Every structure is written in C-alpha cells, then in structure tokens.
Amino acid sequence: MGSWASGVVNGGISFWYADDGLPAVREPLAGDASADVVIVGGGYTGLWTAYYLKKAAPFLRITVLEQRFCGYGASGRNGGWLYNGIAGRDRYATVHGHEAAVRLQRAMNETVDEVVRVTEAEGIEADIHKGGVLEVARTPAQLARLKDFHAHELVYGEKDRELYGARETAVRIRIAGAVGSTWTPHGARVHPVKLVKGLAAAVEALGVVIHESTPVTEIRPRHAVTPYGTVRASYVLRCTEGFTASLKGQKRTWLPMNSSMIATEPLSAQQWEAVGWDGRETLGDMAHAYMYAQRTADGRIALGGRGVPYRFGSRTDHDGRTQEETVEALREILVDFFPALAGVRIEHAWSGVLGVPRDWCATVTLDRSTGLGWAGGYVGSGVATTNLAGRTLRDLVQLDSGQGGRTELTDLPWVGHKVRKWEPEPLRWLGVQGMYATYRAADRREAVRHSAGSSRLARVADRVAGRH
Ligand SMILES: Cc1cc2nc3c(=O)[nH]c(=O)nc-3n(C[C@H](O)[C@H](O)[C@H](O)COP(=O)(O)OP(=O)(O)OC[C@H]3O[C@@H](n4cnc5c(N)ncnc54)[C@H](O)[C@@H]3O)c2cc1C
C-alpha cells in the first residue's frame, strides 16, 4: 500500500461520526414496560416512524429500543445520497401495473422534498444541498445502459431528467473517460449523521421514549424481548434492516449486504479546480459493481462501493471496520475517476450493512392479526425511502387502530409485499460471492471491449441473484 494509507482511520463507525462526534448514549431499558407502539431499531426507519406517528397522535406512548445508539447502523454510515430511487419499482410495475409503479415513483420524488422540509421545520442542520443526482458512463456498454436507464426513468414520469454527452458532462465534473451522464433534480447531498442525530433529538423532544444499549433478542406479537425486560405493546415494528438476521427466527429474511466507503482529506482549491463538481450533485456510475460519491460540505470526496459483499452466516462488521483490500480498491476507483487526485490522502474508511430481500424489493408491512410491522429491504436506496416507509407505517397503524382510513400511502404497491427467504448457508454465501465476482468480471470485460452490449455475464449474475 502507498503513502496515502498511512494514518487511515479504519472503522470507528464512520467518517461522519469522526466529523460530528459520537453521541452520548441514552439510558437502557430499566425493566418490563408497556407502550402503545414499540419500535425496534433507531435508524432512519424507526425514527421517521416514531416522528410521524407521534405528530399524528400525540397521545400515543411510543418507545424506541436501540441495541447501541441511534444511527449506529447504515443511517450513520451511508453515502448521503438523499434521492428518489426505490428498490423493486420495476417488479412492482410487473405485478401491480405501470400506473401503480408511477404512483410509487411520484411518492419517492416528493419524499426527497419532504425530508428537506422536515429538517428545515425542526431546525436540523444536515449540510443538505439539493444539487440532484448525476450518473456517468465511462465505456460504450455503460453508455448504452445509461441511455436505456434514462429512457426508462422518463417512462415513470421523470420529465425533468436530462441526458448529457461527454462535453456537457465535463462542464459539470471532470471524470477521466466519461462519455455521457444522466441528471435528475430529485436528489440532495446530506450529512447522514447530522440527519440521524437531529431526527433522534426531534423525536425525543416530541415525547417519544428512546432506550439505547438495549438489544432486542426476540420479537413476538405484542412483545419486544430484551435482556433488561420486555416491552409489551399493541404494535411492534421491526426497523432493523441489515441487522434483521440477528433476531430470532429472521436469519434468512434479509441478507446483510456490505457496502464500504472512504473519505479523502479536504481537497485544495487547486484540486477542486481540476475536478469541477461545483453543482455538488451526488455522483454515481453505470458499472455493474457501481460506485457512489458525494462532495462533502467540508470539501472532501466521500466515495463508496461494494467491497467484500457478504460475510458467511449473515455476520456484520465490527463498528465499521473494513478490509484493507477494499480500501485500496475504492482508492483506485477514486484515482481512476480523478487522476489529478493520485496523491490525495485517504483519511477514513468504513463499512456498513444494508438489507437485501430475496427479490430485491423494498417493503413496508403491518400484519393486522398480530400487530407486527416492518419496513426495509431498501438495497442501498434507503436514505429517502425510510421516510416514505415511516409515513406509511404511521398510516397503517392509524388504519388498523381505527384512527384513520386508507390513504394514498397505504395503497402504494410496496405495502404488504411478501417474499421468500434466502437459501441456507453455504448456498447463500456462495451465491453472493459468485454474483459479485461476476459483476466485477463483467465490468473488466466491458472496459476492454468496445461494443455497446452489456456483458452477458452480468445478465447471468442478475438472474442468479433474483434481480430480474
Ligand atoms: C456504506 C453504506 C452506504 C449507503 N449509501 C446510501 C446512499 O447514499 N443513499 C441511500 O439512499 N442509501 C444508502 N445506503 C442505505 C441506507 O443507509 C439504508 O437503507 C438506511 O440507512 C436504512 O435505515 P434503517 O433505519 O432501516 O436501518 P439502519 O440504519 O441500519 O438502522 C437499524 C438500527 O437497528 C438497530 N438494531 C439492529 N438490530 C437490533 C436489535 N436486535 N435490537 C435493537 N436494535 C437493533 C441497529 O443498531 C441500527 O441502529 C447505504 C448503506 C451503507 C451501509
């Protein structure tokens, strides 16, 4: 490893915590308790749900149980793309019809603005910059996929999406070898930890009880069991996303997929001159093993991608530590995109887990007979989707308890979706390793070939993964 590696902080949850400070941990549960609604997990899903429910029905006694501290999971580690993507939309179109999927997409577009609205209303300063989302192509095959993707998004009602050639792309950002890009206004950069901390404080200020350092070991109808006591409630909402496999009976529900990131030192004015990126769009590419990045408020690049995608037995990382070869692979992507940054220091590397359902479709559900609810399976598009999930869980609880009727949100096609479980080990591990090795091979093949067709390898991997 080169000199760039000296002094890299690896883990420590994430760069965002190094930047904004770890929170003081709230008191754990002190014994058996009761509530109207108990929420398991203090990430964006759990906190948005608590926020909207308490706002709608201030009399509700709501308790959040969090194993470590709010924002310990993906919500405190992500790339800060607050954008309108939702996992599973195309499948929902196939199953429920095009019009239903257009409604879902419209709800997602509005969700980006809703998050911005609430942060302003609650005084949450989260470095939000609504510069949209820019996705670039760097090979003929990626360009063909980019054009298909662009056309596909227009079909779902994104009339304001734009397609750029190489020259127009370079005006926005100077990426080596970029041959085109697509831009949508429905996205914003956010500081993930400032958002989650602000949200937890807002929820607590409304009167929601939050217990931290309180792992839930089992969820049963009307019970959330912890080592310190059991909370009984009419509704128990599971908001544990990538950690769900650690709950009793949930080992094969959602696969914990790993995603890793690096953050550079702050770039100099000269380096920014070379890079461009004045619009501060969130940035991604069209590779099969894609990258995602943001220009941070303090002038760094935070960039992520898939490292080692999955740990045997659905295990998760230790406080965000990631493998050294992943750090090196991400740095190589950074320098490949921006050769002028070859000597730039990497200050921080970390990883986290996101939840992947067997059919790659995000869901939100409330089972009316048991009072058990859950939301997740966002497959890496959860920063905005969690907000839609929170508002939808609010409406489902209101509907079930007779406080409200059906709403636009309860009628969205991702509500109540059922999916089969993942295969047992070692098939699960073999399948995911194989899929990502295939994506990387497909990217390499496309980079050296000059044809516009996507590598057949990637299509095979998609089929094996259950994505199409
Ligand atoms: C590295 C990385 C980058 C990402 N980048 C983006 C991005 O740029 N844009 C985007 O849209 N999405 C991104 N995602 C995905 C996004 O961050 C997640 O979809 C979203 O944060 C999920 O929120 P959540 O609240 O459902 O889950 P989490 O934030 O994971 O929260 C779950 C919480 O539950 C707690 N918990 C788990 N088990 C228990 C238990 N048994 N008892 C009590 N508490 C428990 C955890 O400690 C955690 O705090 C990224 C994810 C990762 C890992």
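Which residues does Val 37 touch, not counting residues up to four places away in sequence? In the predicted model examined here, Val 37 touches Leu 53, Leu 60, Ile 62, Ala 233, Tyr 235, Leu 237 and Val 397 once residues up to four places away in sequence are set aside. Val 37 belongs to the largest nonpolar core, which comprises 123 residues, and it is listed with Val 38, Val 40 and Leu 47 as the residues that touch the most other members of that core.

The sheet to be described next is an open one, formed by nine strands in the order S1-S17-S13-S16-S15-S14-S5-S7-S6, with mixed pairing. Its edges are strand S1 (9-10) and strand S6 (162-165), each of which pairs on one side only. At the S1 edge, the pairing with S17 is parallel and extends over two bridges, and Asn 10 stands opposite Ala 349 in S17.

Strand S13 has S17 and S16 as its neighbours in the strand order. The pairing of S13 with S17 is antiparallel and involves ten bridges, with Ser 260 placed opposite Ser 351 of S17. Towards S16, the arrangement is likewise described as antiparallel, here with four bridges joining the two strands, and Met 261 stands opposite Gly 304 in S16. Because nine of its ten residues are buried, S13 is largely enclosed by the rest of the structure. Helix H9 (residues 324-337) lies across S1, S13, strand S15 (291-295), strand S16 (301-305) and S17, and runs at about 120° to S16.

The ligand is surrounded by 44 residues, of which Gly 41, Gly 43, Gly 73, Gly 352 and Gly 382 are the closest. Strand S13 (255-264) and strand S17 (346-356) each contribute at least two residues to this shell, as does helix H2 (44-56). In composition, the shell around the ligand divides into 22 polar, 18 nonpolar and four charged residues.

A contrasting environment is found at Pro 426, which is located in the loop between helix H10 (385-400) and helix H11 (427-448). With 11 other C-beta atoms within 10 Å, where 12 or fewer is the criterion for exposure, Pro 426 is classed as exposed. Between Pro 426 and Arg 172, the separation is 254 residues in sequence and 45 Å in space, taken from C-alpha to C-alpha.

Definitions and conventions: Residues numbered from 1 in each chain as written. Predicted model: local features only at pLDDT ≥ 70, side-chain atom pairs only at ≥ 80, totals over all residues. Near = placed C-beta within 6 Å. Nonpolar A, V, L, I, M, F, W, Y, C, P; charged D, E, K, R; others polar. Pairing = 2+ DSSP bridges. Contact = placed C-beta atoms within 7 Å. Axes fitted to C-alpha atoms, helices over the stretch in contact; angles between N-to-C directions. Core = buried A, V, L, I, M, F, W, Y, C linked by C-beta atoms within 7 Å. Buried ≥ 20, exposed ≤ 12 C-beta atoms within 10 Å, placed from the backbone.
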